[in-house]
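Colleague: Could you take me through one part of this model in close detail? I would like to hear about a pair of packed helices, and then whatever else helps to set the scene.

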Amino acid sequence: MNGAEGLIRTAVASGVELCLANPGTTEMQLVAALDAVPGIRAVLGLFEGVCTGAADGYARMNGRPALTLLHLGPGFANGIANLHNARRAHSPVVNLIGDHATWHLAADAPLTSDIASLAAPVSGWVRKCATAASLPADGADAIAAALDPPGQVATLIVPQDCAWDRVAGPAAPVKPRARDTVPDARVEAAAAALEDGSAGALFLGGSALRAPALRAAARVAAATGCALIHETFAARLERGPGLPVVEKLPYFPEQAADRLSPIVHLVLAGAREPVAFFGYPDHPSRLASGATHVHALADDAEDVAGALEALAQRVRAPARVASSTPERVGLPAGPLTAGALGQAIAALQPEGAIVVDEGATSGLAYFALSARAPAHDYLALTGGAIGQGLPTAVGAALACPDRKVIAFQADGSGMYTLQSLWTCAREALDVVVVVAANRAYRILQVELARAGIAEPGAQARALTDLSHPALDWVSLARGMGVPGSRAETAEDFLAAFRRALAESGPRLIEAVLA
Ligand SMILES: Cc1ncc(C[n+]2csc(CCOP(=O)(O)OP(=O)(O)O)c2C)c(N)n1
């Protein structure tokens, strides 16, 4: 077999089941190998940011890496923003990037570029395959590297001659490293801090937002009275009956600092110490003041759930705590404000939904309103690089074909990777896209005001306005094979959302906000 087939056979043996691809000439052997070897579903994305964001969403829901198949430096570069988000989400992803044949690089043909330099900032592991003979083992190493706790982006550059030259066969899968156990001393220190009678909080992130860790955290809270707060942008937060309602740390630094200021002991589990999203004059980067003692219980690469369980035992927590019961918010009526939109989604989202929130300013109300909705997963924009929502919804739907995916999508961010809609249609993905059409880069208008620009000039207004011309999302969706409708009142939206939830396959609702 050739190197490409050896690599794909290795990937199948390693448990890989999905390849999100936008290939070119240098990937033709790899494309052919996806047919020669059964076991990997190949899904075309019409822009590389769709492929990389979908790999992120898939990993968040499935825990296993998908392959991306990308074309040299420029193709990879188109996928970097969502790999940045994947890196922040600690998602395992394996990028396969075809490159020119080793001997052709010296010719400096038009598509030649320094791929390794492009890959480095978003990849925890980068290797360029040297010969066909090593390609299958390089693939096994890449997959194990992606799964290295807590999960990371691994990038394998595959010169085309390595893909077409003959190899002896596939390589054996490499066992990924296990998470390290947290030393007792840290559990002890966290317990002492939370039991000393002053205000304490567990600050949760990464794998601490998954059910087993959340249940242990709830028990710690029951025993010590500590608050449960989670990082502002969760890769995957499990919510629902049996799980505690966890507060989200506010986004704006003043509000976040206010929330943290009464806390004497802040214990980190799976999260790093919170910092401001941006630097502002006269505001420190750290959100906790000098009066708050920060204790690191567990890094996300460690056994966070085990550490929280050990902490629960150490503080003699009850074996179980009364859990939240599902509680639906009422139905909104009248003008379709962002609040009404969030309320409508929270009121109707089905049990088992996966909610991908790139609603930006329009999504703010939804989070609290859905706190007691039936069991669901909530996925946020981890790295601030917008254009993540629709691709992540694609990946979540590919990972969980039996669950309804709701993509709560701000319009400006949605335009970065709207080609995702075509992949939804082609793969018949069960995704309901709700576009919060405020026809503005609203957050940037807020930031202009925060920067003291009370009356933005014509250019500043133009650079934050999306209303001329207004985007016609129903037509954009139709053009990519997704049926859509437009809602202008809460009642309109409720009717359209009910219909979309009752049907299967992709649907889009443009919610024109009041
Ligand atoms: C890749 C990338 N490009 C640009 C930005 C800067 N940016 C942040 S928010 C934003 C606009 C968001 O508008 P929209 O998605 O419509 O949400 P809204 O603020 O209106 O709620 C932009 C351009 C970014 N964060 N990431």
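Modeller: Happy to! Let's start with the way H1 passes H2, which is a right-handed crossing. By class, the residues where H1 touches H2 are seven nonpolar, one polar and two charged. Please keep in mind that this is a predicted model.

Now for the geometry of that pair. Two packed helices are described by the angle between their axes and the distance between the axes. H1 covers residues 3-13 and H2 covers residues 28-36; their axes come within 8 Å and cross at roughly 50°. That angle makes H1 oblique to H2. On the H1 side, the residues in contact are Ala 4, Glu 5, Leu 7, Ile 8 and Arg 9, and they meet Gln 29, Leu 30, Ala 33, Leu 34 and Ala 36 of H2.

Between strand S1 (18-21) and H2 there is a loop, and Asn 22 is found in it. Is Asn 22 buried or exposed? Its relative accessible area is 18%, so Asn 22 is buried, given that the cut-off for buried is under 20%. The side chain of Asn 22 reaches the backbone oxygen of Gly 45 at 2.7 Å. Not counting residues up to four places away in sequence, Asn 22 touches Leu 44, Gly 45, Leu 46, Phe 47, Glu 48, Cys 51, Leu 69, Leu 70 and His 71. One of these partners, Cys 51, is 29 residues from Asn 22 along the chain, and their C-alpha atoms are separated by 7.4 Å.

For a second helix pair, have a look at H9 (residues 184-194) and H12 (residues 304-314), whose axes come within 9 Å and cross at roughly 50°. H9 is therefore oblique to H12. The crossing of H9 and H12 is right-handed. Val 187, Glu 188, Ala 190, Ala 191 and Leu 194 of H9 meet Ala 307, Ala 310, Leu 311 and Arg 314 of H12. Sorted by class, the contact of H9 with H12 has seven nonpolar, no polar and two charged residues.

Another residue to zoom in on is Arg 219, which sits in helix H10 (residues 211-224). Arg 219 counts as buried because its relative accessibility is 12%. A polar atom of the Arg 219 side chain lies 2.8 Å from the backbone oxygen of Pro 318. Leaving out residues up to four places away in sequence, Arg 219 touches Glu 309, Ala 312, Ala 317, Pro 318, Ala 319, Arg 320 and Val 321.

The last helix pair is H13 (residues 338-348) with H21 (residues 490-502): their axes come within 10 Å and cross at roughly 35°. This crossing of H13 and H21 is right-handed. Leu 341, Ala 344, Ile 345 and Leu 348 of H13 make the contact with Phe 493, Leu 494, Phe 497, Arg 498 and Leu 501 of H21. Those residues divide into eight nonpolar, no polar and one charged.

H21 also leads us to Val 432, in strand S16 (residues 431-437). Beyond its neighbours within four places in sequence, Val 432 is in contact with Lys 404, Val 405, Ile 406, Ala 407, Phe 497, Ala 500, Leu 501, Arg 507 and Ile 509. Val 432 is buried, with a relative accessible area of 0%. Between Val 432 and Thr 131 there are 45 Å, C-alpha to C-alpha, and the two are 301 residues apart in sequence.

Conventions: Residues numbered from 1 in each chain as written. Predicted model: local features only at pLDDT ≥ 70, side-chain atom pairs only at ≥ 80, totals over all residues. Heavy atoms only, no water. Axes fitted to C-alpha atoms, helices over the stretch in contact; angles between N-to-C directions. Helix = DSSP H or I, 4+ residues; strand = E, 2+ residues; numbered from the N terminus. Parallel < 35°, antiparallel > 145°, perpendicular 65-115°, else oblique. Left-handed = near helix turned anticlockwise from the far one by under 90°. Contact = heavy atoms within 4.5 Å. Nonpolar A, V, L, I, M, F, W, Y, C, P; charged D, E, K, R; others polar. Buried < 20%, exposed > 50% of the residue type's maximum accessible area, 1.4 Å probe, protein only. Polar contact = N/O pair within 3.5 Å; in protein donor to acceptor, adjacent residues only side chain to side chain.
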